[in-house]
Structure formats: structure tokens, C-alpha cells
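Colleague: I would like to learn how to read a model of this kind, feature by feature. Please show me the general idea each time, and then the case.

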Amino acid sequence: MVSVSDDPVLEQARVLAGNVPDPEIPVVTLQDLGILRSVHREGEHIVVMLTPTYTGCPATEVIREDVQRTLAHAGVSDVQVRLTLSPPWSSDWISPHGRQKLREYGIAPPACGADADQHAGALASGSVLRFMPREALTGPACPRCDSIRIERISQYGSTPCKALYRCLACREPFDYFKPY
Amino acid sequence: MGEPVVRAPAFHVEYILRLGDSSLILAQRLAQWCGHGPMLEEDIAMTNVSLDLVGQARLLLSHAGALEGLGRSEDDLAYQRDEPEFRNWTMVELPNGTGPHDDYAVSIARNLMVSALSVPLWQALCESSDKHLGAIAAKSVKEARAHLRHAAEWMIRFGDGTAVSHARAQSALDHLWPYANEWWDTDTLEREAVQAGLGPSLASLRSTWSESIDAVLAQATLKRPTDSPFVSTGKLGLHSEHMGYLLAQMQSLARRHPGASW
């Protein structure tokens, strides 16, 4: 593998791929979301490794095509976009910059520590939470007014990665990017 | 995800088909709530759960196709096989209701029973000797936990709700309960898979499953149904009378327009 700094084309490919916006949440890029795993050379090819978020996320196919198109448009040819499942993507991989952009866009960023199984299901701890969601104790905060007085409307939202909440302070509903 | 074409033993392929087909067929059942959910949020929730299951099924069926070495794709396996070739558990092919109308309690009770099994199953499969299966499991377990939480919350709300919701939740549970026996009935194929380090037998997860279910039922004030000797046989390719209709609906487009894409 050639190191990126020695290879301007590879460097360019990495920047271009990293800047491709997410098709569902265009305010964040693949780099921000942490789904761009690597860009490297294999023989004549440039290989872009991506990791899918949710297994059924329909954006995955679009992302693959967008990366291919963006690189082709910039004259970087012979590109292979591959998906890798392992290690599994975690919402902890969203960059601080990405989290800030989500918040400004009106989506509460995910609570950290998803990997630590904090959402292992209320069952494991013997307490199924009923009307007060677990996140209410640790986050999220309303992306508009920062209040932590919030309630969950639905565990599933407009895309697989989001839940629907309402702020009890400013009364605005908002999306919450779920820890994964 | 470029895997080399190496023919795997039949038990290996079949073990994965059971998982993949069960995900696919439950996804199809849940997708039938699309546009018919009892409220908008639940319409969206059920279809999101369905979407996760489709994603898992796609990965599993692609993998099974590669291991089989006959050049069959995920779509070939989903759309071009006939009923006896499907290896899903009978429970997941049952309709969303017990009578002429769909009943959300039936779908919730089934999701509870299935996801209470899926969570420890995927967890164990993370350690599979089949590394690709392990990678699929590591993703799927995160999704299964969310499915379990969703189903458990609704089961409690139904059970500890009104007299009508309680009765419907109990009747849904009673209806589905015998179909869990198929999981605990270990056959030769499963024993071979266990031997090869592929994954656990479902019977070995029974006590974990029972604890999860009992915890929910206690809060839901629902009674755990008594066990019966009935054992369904979907995983052997012997399905209920409902399976043919489900496949006809799921496969009609692909069969009428072979190779179509959009």
C-alpha cells in the first residue's frame, strides 16, 4: 500500500470520496459519518472501502454510485467501491464536526458509547421502560433550545437511523440520530 | 464483498438459509402493514423493522448463494425458489392476524418472540467460525435489540392496557406459542453446524429466551401459555397453508418480468 502523501491522485480520491454528501442527510459527508473506511491502491485500481450503516439502509446503494460518479467526474478512473461489514459501523464513528452539523441541521446527534451496549435493551437490566425513554436520562437534548426536557414520540422515524422526539420546553418535534 | 467461490458443505448453506429465509419472510409479513398501520408512527416503525430484516436477509442470502457455488444471487434465492425450498420457521410466515382482519397484537407478539431469540442468536453468531456470518451478526444484533425493545414496549402497553387490548395480546400469544417449539427441536443439520463451530443450536438459547419473555409478560400482566407437543416444520421446507400465498405476492413481479431491474 502506498502512503497517501506520496500519491497525489490517491490523496485527491480520498478527499473527493470523503466529501460526498449522505443522500438522506446531505448536510453531513461520508467522512463526517465515519463510513469511509479507506482509500488505497490495488494494482491499477483505486479501491474505496465503505461500511454500511444499517443493513437495510437504502442509501447504501446510492452512496456507492455517488462515490463512483464523483470520482469519475474528477477524472479519477479505475475506481472500485467495495463494502465491508467488519468492523461494524457504529454511530460513535461520527466525527465531532459531523455531530455539530447534525445539530445545526435540527437532528440531535447520537448519545456516545453505543458500542458499550448501553442500549442492550431494557430487558437485560430487567426493566422495560414504558413512557419515559431511556435516552431521556442521558440525552438527547433538543437541537433547537438545548433543553433536556424531551419525550420520545416514536422509536422509529423518517429513516432507519432516526427516532422521533418532542421537546417539552419549546414544543418542537425533532429527529434523533439513534445510537447504533 | 468479493468472496471466493468455494463450495461449502450442505449443512453450512442450509444453516444460513434458515436464518436468511426467516428474516426475509418476516420482513415480507411486516411490510404488509405499510400504509395499514394502526397509527402513522407504528406504520413507520413496522416498515423500518421490516427494512432491517430485508437488509439482514440480503446479506445472508448473498452469502448462502456464494457458499453454495451454483452462481445463485440473493434475488435468485428470494424470487426463483418454490415453497419447499424455503427454510424459514413456520412462525414467521403466519398471517398478521388470526381471523379475517389483521391484528397488530399478533405482529407485536411475534416480533417479541422472534427478537427475543434473535438477540442471543446474533450475539452467539458473532463468534461463528464463518467470519462473514460473524460480521453479519455483529451488525444484526444491534438492530435486533431495537426490535426487541419496540415489541416489548407494545406488548406491555397492550397487556397492561384495556380489557380488550389485554385479551387480544393474550390470544395472540396463545396462538403463536406452539410455533416456538420448532426452534427447540434440534435436528441433525443443526448438530453438524454446532460441531463445525458455525453457531449455536436454538435449543441452547431457550433459557435466555424464556427469561426475556417472562420479564415482559410479568409487566404486561399476561399469562405464559402452556407448552404443547405440536412442532411445526418450516425449516425443513414443509410449510403452512399460508406460505404459498405469501410467496405468490412476493415473487409475482420478479417471475413475470425475469431479470427486470430499475
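Modeller: What follows is a short walk through confidence, chain B, the contact between the chains, and chain A.

Modeller: This is a predicted model, in which local features need pLDDT of at least 70, side-chain atom pairs count only at pLDDT 80 or more, and totals for chains, interfaces and linings use all residues. Residues are numbered from 1 along each chain as its sequence is written, while chains are lettered from A and ligands numbered from 1 in the order in which they are written.

Colleague: What is the mean pLDDT of chain B?

Modeller: pLDDT is the predictor's confidence in each residue, from 0 to 100. Where pLDDT is low, the predicted coordinates should not be read in detail. The mean for chain B is 95, with 98% of its residues at 70 or more. For the complex, the predictor gives an ipTM of 0.82 and a pTM of 0.90.

Colleague: How many helices and strands does chain B have?

Modeller: Helices (H or I, at least four residues) and strands (E, at least two) are DSSP runs, numbered from the N terminus. Chain B has 11 helices and zero strands.

Colleague: What radius of gyration does chain B have?

Modeller: The radius of gyration is taken over C-alpha atoms, and the globule rule is 2.2 Å times the number of residues to the power 0.38. Chain B has 18 Å, which agrees with a compact globule of 262 residues, because such a globule would have a value near 18 Å. Along the principal axes, the C-alpha atoms of chain B fill a box of roughly 55 × 40 × 30 Å. A residue is buried if 20 or more other C-beta atoms lie within 10 Å of its own, exposed if 12 or fewer, and partly exposed in between, with C-beta atoms placed from the backbone. In chain B, 49% of the 262 residues count as buried.

Colleague: How many residues does each chain bring to the contact?

Modeller: Two residues are in contact if their C-beta atoms, placed from the backbone, lie within 7 Å. Chain A brings 25 residues and chain B brings 31 residues. For classes, Ala, Val, Leu, Ile, Met, Phe, Trp, Tyr, Cys and Pro count as nonpolar, Asp, Glu, Lys and Arg as charged, and the others, Gly among them, as polar. The chain A side has 14 nonpolar, 10 polar and one charged.

Colleague: In what order do the four strands of the open sheet in chain A lie?

Modeller: Strands of a sheet pair through backbone hydrogen bonds, either parallel or antiparallel. Two strands count as paired if DSSP finds at least two bridges between them. In chain A the order is S4-S7-S6-S5, with mixed pairing. Strands S4 (107–108) and S5 (150–154) of chain A are the edges, each pairing on one side only. S5(A) runs antiparallel to S6 (residues 162–167) of chain A, joined by four bridges. Glu151(A) is placed opposite Arg166(A) in S6(A).

Colleague: Which peptide bond in chain A is cis?

Modeller: Most residues other than glycine have a negative phi, and most peptide bonds are trans. The bond from Ser86(A) to Pro87(A) is cis, with omega near -5°. Pro87(A) sits in the loop between strand S3 (79–83) and helix H4 (96–105) of chain A.

Colleague: Is Asp78(A), with its positive phi of about 55°, buried or exposed?

Modeller: Asp78(A) counts as exposed, because it has 12 C-beta neighbours inside 10 Å.
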